[in-house]
Amino acid sequence: MEKYICIHGHFYQPPRENPWLERIELQDSAYPYHDWNQRITAECYEPNTAARVLGPDLKIINIINNYSKISFNFGPTLLYSMLTDNPEVYAEILRADKLSMEKFSGHGSALAQVYNHMIMPLANKRDKYTQAYWGIKDFRARFEREPEGMWLPETAVDTETLEVLAELGIKFTVLAPRQAKRVKKAIKGSRWKELTGEAVDPNMPYLCQLPSGRSISIFFYNGEISQELGFGHLLDNGEDFAKRLSGAFPQDNRTSALVHIATDGESYGHHHKHGDMALSYCIHQLESEGVAKLTNYGEYLEKFPPDQLVEIHDNSSWSCVHGIERWRADCGCSTGGYPAWNQKWRGPLRSALDRLRDAFAPIFELAAIKYLKDPWAARNDYIDVINDRSTENVERFLGQHAIKELSTDEKIRALKLLGMQRDAQLMYTSCGWFFDEVSGIETVQVMQYASRAIQLAEETSGIPLEEDFERGLEAAPSNLHENAMKVYKMYARVARVDLLRVGAHHAISSLFQPSEKKSEIYSFDTENEVFEKIEAGKRKLAIGKTRVSSKITWEEAVVNSAVVHLGEVSLNCGVRYFKDDEDFHLTESDLKTAFESGDLPEVIRLMDKHYGTAGYSLWHLFKDEQRKIVNQILELTYKDIEGFHRNIFDGNYGVMDFLGKLGIPLPKPLGVSAEFIINHDLKALFNGSTALDMNQMAQLVKVSKHLSVPLDPETIGFVASSWINGRMEEIEQDPARLEPLTVLRDVIKLLRETPVKLNLWKAQNIYFDLGRGVYREAREKGVKGDETAAGWAALFEDLGNYFHVRVS
């Protein structure tokens with residue numbers, strides 16, 4: 001029997017971008033990272049590009065790109081953000097696919113995925129086609145080849161979905177074993193064998209013949225092992241993982257067999273800490289023992305075409321035992337964290353979105369036909385615009401699809417209509433229904449997409465849609481709020497962005513930083529035509545006239561603004577569309593006169609007069625800039641707090657030292673100040689210059705131990721790791737110097753004695769590469785009598801002890 005093993009990882013995150021800004025904003029729950037995509041990238045996606053293989057002494061003996069040796073798919077919306085936020089990781093994932101083609105007979109390991117994780121059986125035929133079409137075109141643009149297979153979100157499937165995949169040239173997909181309904185041999189006269197539970201043989205591919213006459217191959221993964229990996233302890237030990245796979249082959253006389261599993265890729269590092277290392281060691285073990293060959297689905301399908309036919313259970317999935325009810329009903333499937341809660345909101349939410357989708361369709365058709373030859377074909381090709389917003393590319397797209405040379409206003413309307421359709425796709429992202437509460441961030445996200453689509457639909461058609469949508473949401477109960485309509489108004493409706501809000505953001509930001517004539521605010525561009533800032537002590541006034549334009553819809557307008565800052569968080573901003581120069585100069589003159597005379601009540605009254613009472617404040621800033629400005633405003637407060645604690649720490653250190661010698665815990669008031677100052681100073685050391693003061697660091701660590709003051713393992717670990725990675729990058733450029741190696745060794749040695757959590761992934765990668773190159777050369781020279789080289793090699797080896805990397 002020829003034995004093959006395939007490990008598939010489904011790597012995916014829901015789209016988290018602000019629908020109006022098209023960038024992910026700050027998410028405090030992901031601290032110390034900027035957002036959850038960044039955190040999971042650091043914990044999973046990045047480590048798997050250079051996964052560690054440990055030797056018996058638990059030191060790194062090899063580093064491999066796991067993706068190049070497994071089968072995988074990445075959600076297009078995840079790669080969309082990764083390209084901007086983590087381009088090096090993105091490039092390594094694409095490189096892994098090319099490496100896998102060399103290993104697996106020309107078959108790349110990457111599978112395409114339906115675009116934004118929509119539950120396909122719940123979509124109409126047109127949306128099914130667009131989702132698969134976008135997924136394929138996105139894959140082609142990134143991986144520079146045609147996809148052979150396509151991953152279905154939650155493996156949710158029906159016959160119509162398989163028809164769409166087959167029509168678009170997809171050769172295979174992967175499903176859960178319980179999704180197989182019946183099988184038979186692909187020979188005339190054979191009879192169907194009905195299946196129950198997970199009775200399908202997962203060790204072979206099957207052919208599904210479709211009503212249209214087309215067909216598609218299906219792999220049913222090993223459910224038992226996949227369950228153990230995703231929800232058990234199989235990733236606790238890479239050797240056990242390898243044994244479990246190699247021991248799962250059938251005991252019969254078939255000529256070939258495939259053992260394959262499929263799980264969320266986030267199991268390898270995010271859900272299971274060090275899961276990436278368990279995977280790399282499993283791969284190392286399988287390749288070393290040679291019990292079975294690693295393969296991917298494309299290679300195995302070519303070598304061993306299916307000789308069995310299969311029919312599927314329509315409306316089935318891998319994560320809901322009730323089929324696909326988890327995404328439309330209170331079926332009982334939940335995360336389990338809140339047993340008293342219900343999910344009765346799921347059905348009404350989907351119904352409200354379905355009505356919205358069906359209202360968008362005629363608006364789109366009737367309006368877009370004035371500008372586009374075939375609106376729905378243009379929607380399908382709009383993925384090319386989503387991935388490249390450059391003016392040249394958008395003009396090329398419009399030239400291809402427009403019925404004539406469009407005016408600027410017509411281009412704006414066409415782009416708004418297409419944007420509406422994009423958001424109408426994104427509002428069906430499956431995560432909106434997966435979790436337990438309608439006010440959860442995933443469900444709020446799909447509501448925000450709906451809100452953006454409504455905004456664009458109403459702007460292009462004048463047809464009011466929001467009130468009916470809210471009535472539909474009113475029927476969706478919440479476990480924490482009255483209903484989903486309340487949630488929508490609290491979190492989705494208020495998040496809307498228009499050109500005036502962008503103008504307000506620009507005006508307020510300009511008050512706290514040097515003003516530039518042109519600036520970029522996510523998916524918007526701004527250009528100052530007039531800007532003046534006046535300061536009087538802590539008080540500031542800024543008046544401007546600014547052109548604001550959208551890079552998504554090409555909509556633009558000139559706005560005039562005024563913002564007054566009275567100190568701390570007391571700030572008021574007024575923005576309105578520009579009327580004429582006379583009006584602008586009158587407003588400017590009135591405000592400047594009142595401000596320069598110190599008549600602040602008059603300034604506020606004039607702002608209300610010229611801009612209306614519905615002003616803007618710090619609340620209206622987009623989150624990242626809001627946090628930056630709030631920190632800037634609070635800088636003096638932070639210094640006061642630091643001074644307060646430092647006075648207590650310095651003034652009472654003698655007493656604390658005495659208590660430490662007696663082994664008596666510090667009284668809480670003293671302990672709080674000691675903890676604040678020690679952690680503050682350590683953080684400042686690593687955030688400061690590259691020339692770290694080792695004596696000060698050693699003293700701080702010593703005092704923390706002496707006084708039993710806890711170090712913040714997350715924050716100190718984050719800044720220390722960044723410092724170490726930075727120094728290792730410098731050493732990579734000039735490795736011959738001994739001093740940087742010595743300092744780095746001593747820093748890591750000292751930190752290893754503390755509870756600080758270090759993430760040395762990047763530094764270890766550089767060290768490993770130097771170990772295969774520069775170190776070997778130095779060692780050879782040392783053997784030949786070069787004492788300098790020998791000393792460098794010995795120091796480098798010693799540094800490896802603290803990096804936990806073996807090079808000798």
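**Exercise 1. Cysteines**

Is Cys44 buried or exposed? Work that out for this predicted model, then decide which disulfides, if any, to draw.

*Solution.* Start with accessibility: Cys44 has a relative accessible area of 0%, so it is buried. Next, look for a partner. The closest cysteine sulfur belongs to Cys431 and sits 15 Å away, which is too far for a bond. Now try Cys333, where the nearest cysteine sulfur is that of Cys331, at 3.7 Å. The cut-off is 2.5 Å between the sulfurs, and Cys333 is in no disulfide. Cys333 counts as buried too, at 11% relative accessibility. The final tally for the model is zero disulfides.

**Exercise 2. Helix 1**

Find out how many residues of helix 1 are buried, and work out what covers them.

*Solution.* Helix 1 runs over residues 36-45. Go along it and pick out the buried positions: Asn37, Arg39, Ile40, Thr41, Ala42, Cys44 and Tyr45. That makes seven of its 10 residues, so the helix is mostly covered. Then look around it: the cover includes strand 1, strand 4 (71-74), helix 2 (76-85) and helix 3 (87-103). Finish at the start of the helix, where a side-chain oxygen of Asp35 comes to within 3.0 Å of the backbone nitrogen of Asn37.

**Exercise 3. The nonpolar cores**

Which residues touch the most other members of the largest nonpolar core, and which helix gives the most to it?

*Solution.* This core has 141 residues, and the ones to highlight are Ile7, Tyr45, Phe74, Phe241, Leu245 and Phe360. Helix 10 (residues 346-368) gives the most, with 10 residues. Now zoom in on Leu245. Skip its neighbours within four places in sequence, and its contacts are Ile5, Ile7, Ile225, Val259, Ile261, Cys282 and Leu286. Don't stop there, though: a second, separate core has 56 residues, including Ala50, Leu682, Leu744 and Leu751.

**Exercise 4. One helix, one face**

Determine where the buried residues of helix 22 fall when you look down its axis.

*Solution.* First list them: Glu625, Ile629 and Ile633 are the buried residues of helix 22 (residues 623-633). Viewed down the axis, they fall within an arc of 75°, so they line one face of the helix. The general rule helps here: an α-helix has 3.6 residues a turn, so residues three or four places apart point the same way. As for the cover over those buried residues of helix 22, it includes helix 19 (499-512), strand 18 (556-567) and helix 23 (635-651).

**Exercise 5. A strand with two sides**

Sort the residues of strand 7 by face, and identify the sense in which strand 7 pairs with strand 11.

*Solution.* On one side of strand 7 (residues 172-175) you have Phe172 and Val174, and on the other Thr173 and Leu175. All of these are buried, and both faces are covered. Turning to the pairing, strand 7 and strand 11 (residues 215-220) run in the parallel sense, over four bridges. To anchor the register, use Thr173, which stands opposite Ile218 in strand 11.

**Exercise 6. Backbone oddities**

Most residues other than glycine have a negative phi, and most peptide bonds are trans. Check Pro32, His117 and Trp554 against that background.

*Solution.* Pro32 is joined to Tyr31 by a cis peptide bond, with omega about 10°. You'll find Pro32 in the loop between strand 1 (2-11) and helix 1. His117 isn't a glycine, yet its phi is positive, at about 60°. Its loop runs between strand 5 (110-113) and helix 4 (125-143), and His117 is buried, with a relative accessible area of 1%. Trp554 also has a positive phi, about 70°, without being a glycine. Trp554 lies in the loop between strand 17 (539-550) and strand 18.

**Exercise 7. Two loop residues**

Classify Ser439 and Glu198 by accessibility, then trace what each of them touches.

*Solution.* Ser439 is in the loop between helix 15 (431-434) and helix 16 (441-461). At 15% relative accessible area, Ser439 is buried. Its side chain makes a polar contact of 2.8 Å with that of Glu437. Beyond four places in sequence, Ser439 contacts Val444, Leu480, His481 and Val487.

Glu198 belongs to the loop between strand 9 (193-194) and strand 10 (205-209). With 46% relative accessible area, Glu198 is partly exposed. Leaving out residues up to four places away, Glu198 touches Pro177, Arg178, Gly223 and Glu224.

Key:
Residues are numbered from 1 along each chain as its sequence is written. This is a predicted model: local features need pLDDT of at least 70, side-chain atom pairs count only at pLDDT 80 or more; totals for chains, interfaces and linings use all residues. Side-chain values use heavy atoms; hydrogens and water are left out. A nonpolar core is a set of buried Ala, Val, Leu, Ile, Met, Phe, Trp, Tyr and Cys residues joined through side-chain atoms within 4.5 Å. Buried means under 20% relative accessible area, exposed over 50%, partly exposed in between (1.4 Å probe, protein chains only). Contact means heavy atoms within 4.5 Å. A polar contact is a pair of N or O atoms within 3.5 Å; within protein, one must be able to donate a hydrogen and the other to accept it, and residues adjacent in sequence count only if both atoms are side-chain atoms. Two strands pair if DSSP finds at least two bridges between them. The arc is that of the directions from the helix axis to the C-beta atoms.
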